[in-house]
Amino acid sequence: MKNKIKVFRAIGGLRQEDLANEVGVSRQTIVAIETGKYDPSLDLAFKIAHYFNVPIEKIFTYET
Amino acid sequence: MKKNSFYLLIGCIAVALLVIFWYSIENSVHFFTESAFIIGVVIIYFARRRVTDLVEDERSAKITEKAALRTLQVFWVLFAVFSIGTVTSLFRIPKFPEVFRPPRPGELLISSGDIPSPKIIGYLSLGLLCAMIFLYVGFRLYYARKYGEWIIDEE
């Protein structure tokens with residue numbers, strides 16, 4: 001799964017720590033998601049999308 | 001309570017348990033070390049709930065879950081081998097002499113080598129315990145690395 005969290009964070013001028021606090025995870029989890037080491041649960045993915053106020057498919061894309 | 005204080009507490013409890021374990025061996029008091037271990041686990045459990053700067057999220061839960069599952073998958077085989085061995089010895093049919101004669105008073109038909117001594121069972125239990133700890137720590141390190149625990153980001 002690919003994601004554009006880093007792009008959306010940059011647009012919003014948001015630090016990893018801030019996003020982590022907003023969605024209730026550790027900063028290391030945000031780092032792991034951004035680098036593709038960890039695929040978030042549907043719940044967390046929706047929380048992140050909701051925070052950036054965009055549809056989930058704008059941030060996360062599935063690739064085989 | 002801060003995370004580092006919690007880790008310090010765990011270290012102190014581990015050292016205390018080692019001392020108690022030593023004392024129990026020296027004085028042959030099994031109950032002492034067993035109850036100390038349970039008390040130690042309970043203290044760690046309640047202290048863990050008071051830690052404020054340790055974030056438990058779905059990634060850390062997944063690391064714990066995967067490590068525990070893999071440990072169980074490997075450990076149950078080791079434990080089954082150990083258990084089958086001891087149970088086989090327990091239910092072993094004693095060897096009778098080829099020409100049967102009634103036993104003399106006080107004579108044991110089972111030789112002492114047929115049943116594993118408690119000392120050997122103790123060594124095997126210690127080995128199993130160490131194996132379980134090493135397996136869990138190993139799997140935990142593996143999954144922590146896999147799920148990006150130590151990635152250094154540019155920020």
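Where in chain A is Ser26(A) found? Ser26(A) sits in the loop between α2 (16-23) and α3 (27-34) of chain A, where helices (H or I, at least four residues) and strands (E, at least two) are DSSP runs numbered from the N terminus.

This is a predicted model, in which local features need pLDDT of at least 70 and side-chain atom pairs count only at pLDDT 80 or more, while totals for chains, interfaces and linings use all residues. Residues are numbered from 1 along each chain as its sequence is written, chains are lettered from A and ligands numbered from 1 in the order in which they are written, and side-chain values use heavy atoms, with hydrogens and water left out.

**Confidence in chain A**

The predictor's confidence in each residue, from 0 to 100, is called pLDDT, and chain A averages 93, with 100% of the residues scoring at least 70. Among the elements of chain A, the lowest mean pLDDT, 92, belongs to strand β1 (residues 2-3) of chain A, and the highest, 95, to helix α4 (residues 42-52) of chain A.

**The interface of the two chains**

Contact here means heavy atoms within 4.5 Å, and the contact takes 20 residues from chain A and 15 residues from chain B. The area buried between chain B and chain A is about 1400 Å², of which carbon and sulfur atoms give 46%; buried area is the accessible area (1.4 Å probe) that two parts lose on being put together, summed over both.

The count between chain B and chain A is 8 residue pairs in polar contact, both residues being at pLDDT 80 or more. A polar contact is a pair of N or O atoms within 3.5 Å; within protein, one must be able to donate a hydrogen and the other to accept it, and residues adjacent in sequence count only if both atoms are side-chain atoms. On the side of chain B that touches chain A, the elements giving two or more residues are α3 (58-90) and α4 (118-146) of chain B, and the largest share, 3 residues, comes from α3(B).

**Two residues of chain A**

Ser26(A) counts as buried because its relative accessibility is 14%, and Gln28(A), in helix α3 of chain A, counts as buried at 17%; buried means under 20% relative accessible area, exposed over 50%, and partly exposed in between (1.4 Å probe, protein chains only). The side chain of Ser26(A) makes a polar contact with the side chain of Thr29(A) at 3.0 Å, whereas the side chain of Gln28(A) reaches the backbone oxygen of Gly148(B) at 3.0 Å.

Leaving aside neighbours within four places in sequence, Ser26(A) is in contact with Ala20(A), Val55(B), Asp57(B) and Arg59(B). With residues up to four places away in sequence likewise not counted, Gln28(A) touches Arg59(B), Gly148(B), Glu149(B), Trp150(B) and Ile151(B).

**Exposed residues**

The table lists residues that are exposed.

| Residue | Place | Relative accessible area |
|---|---|---|
| Asn53(A) | loop between α4 and α5 (56-59) of chain A | 69% |
| Ser28(B) | loop between α1 (3-27) and α2 (30-50) of chain B | 56% |
| Ile25(B) | helix α1 of chain B | 53% |

Asn53(A), a residue other than glycine, has a positive phi near 60°, and Ser28(B), although not a glycine, has a positive phi of about 55°. Ile25(B) and Ile133(B) are 108 residues apart in sequence and 22 Å apart in space, C-alpha to C-alpha.
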